[in-house]
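Subject: Structure handover

Hello,

Here is the structure I promised to pass on. Please open it and keep it on screen while you read.

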Amino acid sequence: MAKVPTNMHIHPKIEPFFDAQTNTISYVVTDPASSSCAVIDSVMDINYAAGRITYEHADQIIAYIEKHKLQLEWLIETHVHADHLSAAPYIQSKLGGQIGIGDQITVVQETFGKVFNEGTEFQRDGSQFDRLFKDGDTYNIGGMTGVAMHTPGHTPACMVHVIGDAAFAGDTLFMPDGGSARADFPGGDAGALYDSIQKVLALPDDMRLFMCHDYGPGGRDIMWETTVATQKAENIHVGQGKSREEFVKFRETRDATLDVPKLILPSLQVNMRAGDVPKSEDGKPVLKVPVNAI
Ligand SMILES: [Fe+2]
């Protein structure tokens, strides 16, 4: 793609919301020149063993937006998450806004439609979302322009969103001491992830980078913000100009040792529907456990 247009002189106000159950960081990104905002990667709470869904995390985000009298314009999903459930429809029902994701969601829906043996009522055209972003697409948050950058590798539909002097890394990079995201889910590709990370590292050096996850490696406090320059210098998987070959070898070896995420089954079923819980024939919300399917 062409070089991403950046506006380093625009400094969106960024409020993080850490979810300790899934180590996810959600963000409210606010235009400093207006009251417009976007929510990136919200989390719906689930007690999977009990089949119970609640909204404590999303309610914190809603309370923040209401307290500051913000206008919610976008609910952005950086990708179809496999480790937490999106609360985008719940937040949208309270505050409005459009739900957006990468247009390669159709590939993810095709893959997991099969895994979950979905019927024809499950559309594989991305129509559950309000907006499907293509690589390089832009959108407005008040006076700010957001740019969606296609960054496949972790999943085919991953996007990094660049807004002013901030970029939301999704599951491409973790903090420098955490390295990078796994690339072994169906549709994942370690080489593609390396190429996508290079696109992120080609952003301006002093661009702020916000992570979607942090696990506090080595027992350090949870962190979520770094810069492109710091990632280039210090990232343990790609920093110091590590080669594609070296990265792919490392990533594939490492991924073979990783456990399946605890919430992968409910997460995929909900997130491939833009955050809606699937329904049984009698219209009741229900989640499936396909046996030996992933
Ligand atoms: Fe992910």
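Below is what I found, starting with the record and moving on to the sheet and the helices.

Keep in mind that this is a predicted model.

**The record**

UniProt has an unreviewed entry here. It lists residues 23–213 as "domain: Metallo-beta-lactamase". In the model, the end C-alpha atoms of that span lie 6 Å apart. The span is 23% helix and 28% strand.

**The sheet**

Look for an open sheet of six strands. Their order is 1-2-3-6-7-8, and the pairing is mixed. Which strands are at the edges? They are strand 1 (13–19) and strand 8 (131–133), and each pairs on one side only. From one strand to the next, the twist averages 25 degrees.

Now find strand 3 (residues 36–40) and strand 6 (residues 71–76). These two pair in the parallel sense, over five bridges. Take valine 39 as an example: its bridge partner in strand 6 is leucine 75.

A helix packs on this sheet too. Helix 2 (residues 88–95) touches strand 3, strand 6 and strand 7 (98–102). The direction of helix 2 makes about 165 degrees with that of strand 6.

**Helix 1 and helix 2**

Two numbers describe a pair of packed helices: the angle between their axes and the distance between the axes. Helix 1 (residues 56–67) packs against helix 2 at an angle of about 30 degrees. Their axes are 10 Å apart. Why call them roughly parallel? Angles under 35 degrees count as roughly parallel, so helix 1 and helix 2 qualify. Their crossing is right-handed.

Which residues meet? Helix 1 brings Ala58, Ile61, Ile62 and Ile65. Helix 2 brings Tyr90, Ile91, Lys94 and Leu95. By class, this contact has seven nonpolar residues, no polar ones and one charged.

**Helix 4 and helix 6**

Next, go to helix 4 (residues 190–201) and helix 6 (residues 244–255). They pack at an angle of about 130 degrees, and their axes are 9 Å apart. That angle makes helix 4 oblique to helix 6. The crossing of helix 4 and helix 6 is right-handed.

From helix 4, Ala190, Gly191, Leu193 and Tyr194 take part in the contact. From helix 6, they meet Arg244, Phe247, Val248, Arg251 and Glu252. By class, this contact has five nonpolar, one polar and three charged residues.

Best wishes

Note on methods. Residues are numbered from 1 along each chain as its sequence is written. This is a predicted model: local features need pLDDT of at least 70, side-chain atom pairs count only at pLDDT 80 or more; totals for chains, interfaces and linings use all residues. UniProt positions are given in the numbering used here, feature names are shortened, and annotations may be inferred rather than shown by experiment. Helices (H or I, at least four residues) and strands (E, at least two) are DSSP runs, numbered from the N terminus. Axes are lines fitted to C-alpha atoms, for helices over the stretch in contact, and angles run from 0 to 180 degrees between N-to-C directions. Angles under 35 degrees count as roughly parallel, over 145 as roughly antiparallel, 65 to 115 as roughly perpendicular and the rest as oblique. A crossing is left-handed if the near helix is turned anticlockwise from the far one by less than a right angle, and right-handed if clockwise. Two residues are in contact if their C-beta atoms, placed from the backbone, lie within 7 Å. Ala, Val, Leu, Ile, Met, Phe, Trp, Tyr, Cys and Pro count as nonpolar, Asp, Glu, Lys and Arg as charged, and the others, Gly among them, as polar. Two strands pair if DSSP finds at least two bridges between them.
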